[in-house]
Amino acid sequence: MVIYLLIIFISVLFVYLAEVSYKNRGLFFIFSAMALLIISVFAGCRDLTVGYDVLFYEYEIYQSAHLSKSFVDLLNSDATTEPVFLAINYIGVLVYDDIHFVLGLISFITSLFAYLACVKLKRYAPLWLLFTGYLLINYASSMNIMRQNVAVSIFFYAYTVLKDYGLGWRFYLMAVLALLSHNTAIFPVLILFFFHHIPRLSYKAYKFFILCMVFFMAVTYYYIDYVLLYLTAFTQKDYTIYGDVSATDSTWATLIIPYTYIIFVLLLAGVCVWKRKNGQFPLFEWNEYKCTILVCFLIFAMGATFTGSMLRLVAYFITLCAFYIVRVLYLSYSRNSHHFLYNVLLLMLFVVMFFRTTSSSVDYSSIILNI
């Protein structure tokens, strides 16, 4: 697993160079491209046994794209896979018909949207630190859960678009892309709509929504078998396996809720309470953070019962939590200072999460790279 840290370190070094040369658009573009290409080439050169989903569905999708005469033909041949993910495979085959190139392209697009989100958020904290947190939490898992990680990355970028432009065409475009990348994005996208309205809500209206959300999650928890059955009937894709507790010992469901996720969310809550008591950020931000923390714990409760399926939902919000904790710790401090202690503590936290949440199914090996 240490090889991931090395690749992330090299990539982030180029991100740092991109950040310090931000005013020179040419250098910024070159260093940013190098940062993304390094992690993408590394992902593309991996053996097909790295990541359960590569052989479970990706290789078959690649073969279908290889044999399809058009994108419409590919869509007709695979009614269960989301269109955006199929499009990435189809474009990859058109550019260079090789499974490793397609794997690298998937990684590049995933990393690109996350990087663009971090660029938009650099006004709150260093770009290199935000992207490091994202990579340490998501990069290794993106070798395995590829479709979901594309959606998580686009969702993260949609969040930044919402903050900058509101509910305009840019946000709706990103929301649709996330939904068409992986259908689990429907719930986090709905939460983003609520985030947009939080600053305008009264305390009573906010409290009412939170209670409704808890009620909805509780009902979903109680009737999860029926929900999964209806989803299966509606999408023609088998979702009932996610409610099968006996599947816990299978390869795809061995990881349930990492305790580091719980510690991370609790730490975020503690930091937010500390900063909020000092009046360092407005109430509407605190309401957004509280909503995210509550959603995480509701998902933890469901994931602890229904194998690893609910972990697919928490991945969206853990990415937001990573930004929140950096954002809150950087409040009320000059951006010109180095924040050496904060940087070290945050990096240690992200590295611990990396080692404790990355499963053995993504142990890296590559015949191409002789690793």
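These are my notebook entries on a predicted model of a single chain.

**Overall look**

I started with the secondary structure and counted 16 helices and zero strands in the chain. Next I checked burial: of the 371 residues, 54% count as buried. For the surface, I got about 17,200 Å² exposed by the chain, with carbon and sulfur atoms supplying 69% of that area. I also looked at how far along the sequence contacts reach. Taking contacts between residues at least 6 apart in sequence, 75% join residues at least 24 apart.

**Helix α8 and what comes after it**

I picked α8, which covers residues 146-165. How many residues of α8 are buried? I found 17 of the 20, so this helix is largely enclosed by the rest of the structure. From first C-alpha to last, α8 reaches 28 Å, close to the 28 Å expected at 1.5 Å a residue. Right after α8 I came to Gly-166, and its phi is positive, near 75 degrees.

**Helix α10 and His-196**

I moved on to α10, residues 186-197, a helix of 12 residues. Its end-to-end C-alpha reach is 18 Å, which is close to the 16 Å expected at 1.5 Å a residue. I listed its buried residues: Phe-187, Pro-188, Val-189, Ile-191, Leu-192, Phe-194, Phe-195 and His-196.

The histidine caught my eye, so I went back to the numbers for His-196, which counts as buried at 16% relative accessibility. The cut-off here is under 20% relative accessible area. Which residues does His-196 contact once its neighbours within four places in sequence are left aside? I noted Leu-162, Gly-166 and Leu-167. Gly-166 is the residue I had just logged with the positive phi after α8.

**Phe-28**

I found Phe-28 in helix α2, residues 25-44. Buried or exposed? For Phe-28, I read 10% relative accessibility, so Phe-28 counts as buried. I measured nothing at the bench here; the C-alpha atoms of Phe-28 and Ala-18 are separated by 4.4 Å in the model, with the two residues 10 apart along the chain. Not counting residues up to four places away, Phe-28 touches Ala-18, Ser-21, Tyr-22, Tyr-115, Val-119 and Leu-127.

**Phe-131**

Phe-131 lies in helix α7. I looked up its relative accessible area and got 0%, so Phe-131 is buried. Leaving aside neighbours within four places, I logged contacts from Phe-131 to Ser-11, Val-15, Leu-36, Ile-39, Ser-111, Ala-114, Tyr-115 and Cys-118. Tyr-115 is also on the contact list I made for Phe-28. How far apart in space are Phe-131 and Ser-11, C-alpha to C-alpha? I have 9.5 Å, for a pair 120 residues apart in sequence.

**Arg-327**

I wanted a charged side chain too, and went to Arg-327 in helix α15. Arg-327 has a relative accessible area of 13%, so I wrote it down as buried. Apart from its neighbours within four places, Arg-327 is in contact with Tyr-124, Glu-285 and Tyr-289.

**Cavities**

Last, I went looking for enclosed space. Rolling a probe the size of a water molecule over the atoms shows where empty space is left. I found two cavities of 30 Å³ or more.

The largest cavity has a volume of about 70 Å³. Its lining is Cys-118, Leu-129, Leu-130, Gly-133, Tyr-134, Asn-138, Phe-156, Thr-319, Ala-322, Phe-323, Val-326 and Phe-350. Which helix gives the largest share of that lining? I make it α7, with five residues. Both α7 (127-142) and α15 (311-329) supply at least two residues each. By class I counted nine nonpolar, three polar and no charged residues in this lining. Cys-118 in the lining is also among the contacts of Phe-131.

The second largest cavity has a volume of about 30 Å³. I listed Ala-43, Arg-46, Leu-103, Ile-106, Ser-107, Ser-142, Met-143 and Met-146 around it. Helix α6 (residues 99-120) gives the largest share of this lining, three residues. The classes here are five nonpolar, two polar and one charged.

Technical notes. Residues are numbered from 1 along each chain as its sequence is written. This is a predicted model: local features need pLDDT of at least 70, side-chain atom pairs count only at pLDDT 80 or more; totals for chains, interfaces and linings use all residues. Side-chain values use heavy atoms; hydrogens and water are left out. Helices (H or I, at least four residues) and strands (E, at least two) are DSSP runs, numbered from the N terminus. The expected span of a helix is 1.5 Å times one less than its number of residues. Buried means under 20% relative accessible area, exposed over 50%, partly exposed in between (1.4 Å probe, protein chains only). Contact means heavy atoms within 4.5 Å. Accessible areas come from the Shrake-Rupley method with a 1.4 Å probe; for residues, only the protein chains shown count as cover. On a 1 Å grid over the protein atoms alone, a cavity is a set of points where a 1.4 Å probe fits but cannot get out, and a pocket is an open set with protein on both sides within 12 Å along at least five of seven lines; lining residues have an atom within 4 Å of a point. Grid points are joined across faces, edges and corners, and a volume is the space filled by probe spheres set on the points. Ala, Val, Leu, Ile, Met, Phe, Trp, Tyr, Cys and Pro count as nonpolar, Asp, Glu, Lys and Arg as charged, and the others, Gly among them, as polar.
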